[in-house]
Amino acid sequence: MGQPVRLGGWVHRRRDLGGLVFLDLRDRTGLVQLSCDPDYTPPDVMELAARVGVEQVLLVEGEVAQRPEAARDPTMGTREIEVGVRSLEVVGPAITPPIQVAFKEGEALPAEELRLKYRILDLRRPELQQNFVLRHRLLQRARRSMSDQGFLEIETPILTKPTPEGARDYLVPSRQYPGEFYALPQSPQIYKQLLMVAGFDRYFQIARCFRDEDLRADRQPEFTQIDLEASFVSPEDVQGFVEQVLVDLWDEAGHRIDQPFPRLSYVDAMERFGLDKPDLRYGWEIRDLTGAVAEGGADGGAGSPAPFVVEALADGGRLRGIMVPGGAEFTRREIDGLTQLARDAGAGGLIWARRRDAEWEGQGVKALGADSASRIEAPPGDLLLAAAGPDDVTSGVLAAVRAGLIGRPDARPSSEHAFCWVVDFPLFERDPESGEPVPAHHPFTAPHPDDLELLKRAPTRCRSTHYDVVYNGNELGSGSIRITDIELQRTIFRQLGISESDIGRRFGFLLDGLQFGAPPHGGFAIGFDRVVMLLAGAESLREVIAFPKTARGQALFEGAPTPVDPQEISELNLELKRQ
């Protein structure tokens, strides 16, 4: 104690106790209390301390002193000490801030759009500053993890050639080549494949990517991913690299994660959980109950299923459901809430029944028929939640119902962290409007070697070598083994309806590269912003990105996007179309 110190920071709070002035000084490392007392603080400094406002920047000199035990603030890291002020200078005057930086526990924050408009003030909040400390640490740990596994960090271009990767490109007009455009990269996909052809057998990059698509809480038009590619690898090899990075990142945040992660096929995930990013912390798996209805019959008698169930099964659909242990105690209002989730997901309603002792009761008994219901086995106290129809309907419906169960306050996870791999995705899916096959992910994904014969005669039945990693119901990233056979790559392009001229125009530089001897290779991309969001316990990506866009794609703090001077438009050989 008594050590002289010189400090700089922002005024977080000021308390004037009539003769004594206390200031909480803040920087990104935390808070310290400044004590201004006439016994040791000069009169002119006392006068200035009584006038300073919040968010002004101060330079202070004083001595470290023991803080009285009764006055210690448990929320401060420096709670046991304070600084007795000898001199004070306002080096950064500040107007009254339009939004607060210092909030009391439980106090509501201003509206998000207002906070994004005054982002520099919002970023001063200790909670957000801690998010960026964590982000920095995770970035450094990711680089170390990849380097330790033998990967080289190589940067790829930001001004690229437009290529289809599932979203719209941001286009950049060329001034030097009128009528021609660059694109901002949706990912470094083609470049990292070319790096494999060039002989860099293990590449990674903390890559900036851009996609012109509608935004959600977990999406931004520009984002960061941990991108990697490796040669002479199997899917399991790539998954091992990625697992190690994720284990290291979670360790950096203070969590121990076991390896290897469990693996589920896409078909199994859809069958058991109704979606391809299951939250494995919870049970409530989907069951196929079709057999109970088939055995129960549909003769139109009192014990027969309702017509809508009979029709659904006759059209090739199934009866599928979730059994909720102890759910018989749910109130009707709680069941109605789950029913609404089912309707929102595309069902006409939800079939439900409670198991009381040896009997089922509820509207589901009438829907399924008493005979069919009696064939569904469950212990007393269970609640059945079911839907009848084609799998592409019942999967989404029951996934939504399961999410509703997970969101209940009384839901208890079996673990805190649940990772898994989902593998063997379809190579193609049907476009809902045209019915034509489109890539389930991107057109450079290799077909599953066992399904090559399906590629031309039944493309939507062909599996791919694509794999996703999922954490607590969140997709963290995707990857695949790539196509290195030029004719196979051309076949995929043709399946997508891309003409020969367009193949050459849009992908010629990739095909040209592959003809010079391409090693088998595969890779992955981890959504880094999402990882930080989850490890920080944040509610949206905007809390872990320094200067994010709003849900409308606007940067409110700088007023972007913005009109451009007509002269600049003219220099780019463009003409604006007036709306």
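Where is Phe232 found? Phe232 sits in the loop between strand 10 and helix 6. Keep in mind as you look around that this is a predicted model. Phe232 is a handy starting point, since its phi is near 55°, a positive value in a residue other than glycine. For context, most residues other than glycine have a negative phi, and most peptide bonds are trans.

**Cis peptide bonds**

That brings us to two peptide bonds that are cis. One joins Gln259 and Pro260, and the other joins Ala560 and Pro561. Here they are side by side, with the place of each proline.

| Cis bond | Omega | Where the proline lies |
|---|---|---|
| Gln259 and Pro260 | about -5° | loop between helix 6 (235–252) and strand 11 |
| Ala560 and Pro561 | about 0° | loop between helix 17 and helix 18 (566–571) |

**The eight-stranded sheet**

Strand 10 and strand 11, already mentioned, belong to an open sheet of eight strands. Following the sheet across, the order is 6-9-10-22-21-20-17-11, and the pairing is mixed. At the edges you will find strand 6 (152–153) and strand 11 (263–265), each of which pairs on one side only. Further in, strand 17 (residues 419–423) and strand 20 (residues 466–471) run antiparallel and are joined by five bridges. If you want a spot to zoom in on, Val422 stands opposite Asp468 in strand 20.

Helices lie across this sheet too. Helix 4 (residues 126–148) lies across strand 6, strand 9 (202–210) and strand 10 (222–231), and runs at about 150° to strand 9. Helix 17 (residues 528–536) lies across strand 10, strand 20, strand 21 (474–481) and strand 22 (521–527), and its run makes about 45° with strand 22.

**The five-stranded sheet**

Now for another open sheet, this one built from five strands in the order 12-13-16-14-15, with antiparallel pairing. Why is one side of strand 12 and of strand 15 left without a neighbour in the sheet? Strand 12 (286–288) and strand 15 (359–361) stand at the edges and have a single partner strand each, so one side of each stays without a neighbour in the sheet. On average, neighbouring strands here are turned by 30° against each other, direction ignored.

Strand 12 and strand 13 (residues 318–324) run antiparallel, with three bridges between them. Within this stretch, Arg287 stands opposite Gly321 in strand 13.

Helix 9 (residues 307–314) packs on the sheet and touches strand 13, strand 14 (351–356) and strand 16 (383–389). The direction of helix 9 makes about 55° with that of strand 16. Helix 13 (residues 391–406) lies across strand 12, strand 13 and strand 16, and runs at about 10° to strand 13.

**Side chains that meet**

Side chains of opposite charge can pair when their charged atoms come close. How many salt bridges does a search of the whole structure find? The search finds 43 salt bridges. One of them is between the side chains of Glu55 and Arg26, at 2.8 Å from N to O. Glu55 lies in the loop between helix 1 (43–49) and strand 4 (57–66), while Arg26 belongs to strand 2 (residues 21–27), so the pair ties together parts that are 29 residues apart in sequence.

Aromatic rings meet as well, and the count comes to 15 aromatic pairs. Among them, Phe444 and Phe493 are edge-to-face, with 6.4 Å centre to centre and 85° between the planes. Phe444 is in the loop between strand 19 (437–439) and helix 14 (454–457), and Phe493 is in helix 15 (residues 486–495), so this pair ties together parts that are 49 residues apart in sequence.

**A patch on the surface**

Last stop: Leu171, Phe181 and Leu574 form a nonpolar patch on the surface. Together these residues have about 260 Å² of accessible area. Leu171 lies in strand 7 (residues 171–173).

Notes. Residues are numbered from 1 along each chain as its sequence is written. This is a predicted model: local features need pLDDT of at least 70, side-chain atom pairs count only at pLDDT 80 or more; totals for chains, interfaces and linings use all residues. Side-chain values use heavy atoms; hydrogens and water are left out. Two strands pair if DSSP finds at least two bridges between them. Helices (H or I, at least four residues) and strands (E, at least two) are DSSP runs, numbered from the N terminus. Axes are lines fitted to C-alpha atoms, for helices over the stretch in contact, and angles run from 0 to 180 degrees between N-to-C directions. Contact means heavy atoms within 4.5 Å. Patches are made of residues with over 30% relative accessible area and no salt bridge: like charges are joined within 9 Å, nonpolar side chains (Val, Leu, Ile, Met, Phe, Trp, Tyr) within 5 Å. Accessible areas come from the Shrake-Rupley method with a 1.4 Å probe; for residues, only the protein chains shown count as cover. A salt bridge is a side-chain nitrogen of Lys or Arg within 4 Å of a carboxyl oxygen of Asp or Glu. Rings of Phe, Tyr and Trp (its six-membered ring) pair if their centres lie within 6.5 Å; planes under 30 degrees apart count as stacked, over 60 as edge-to-face and the rest as tilted.
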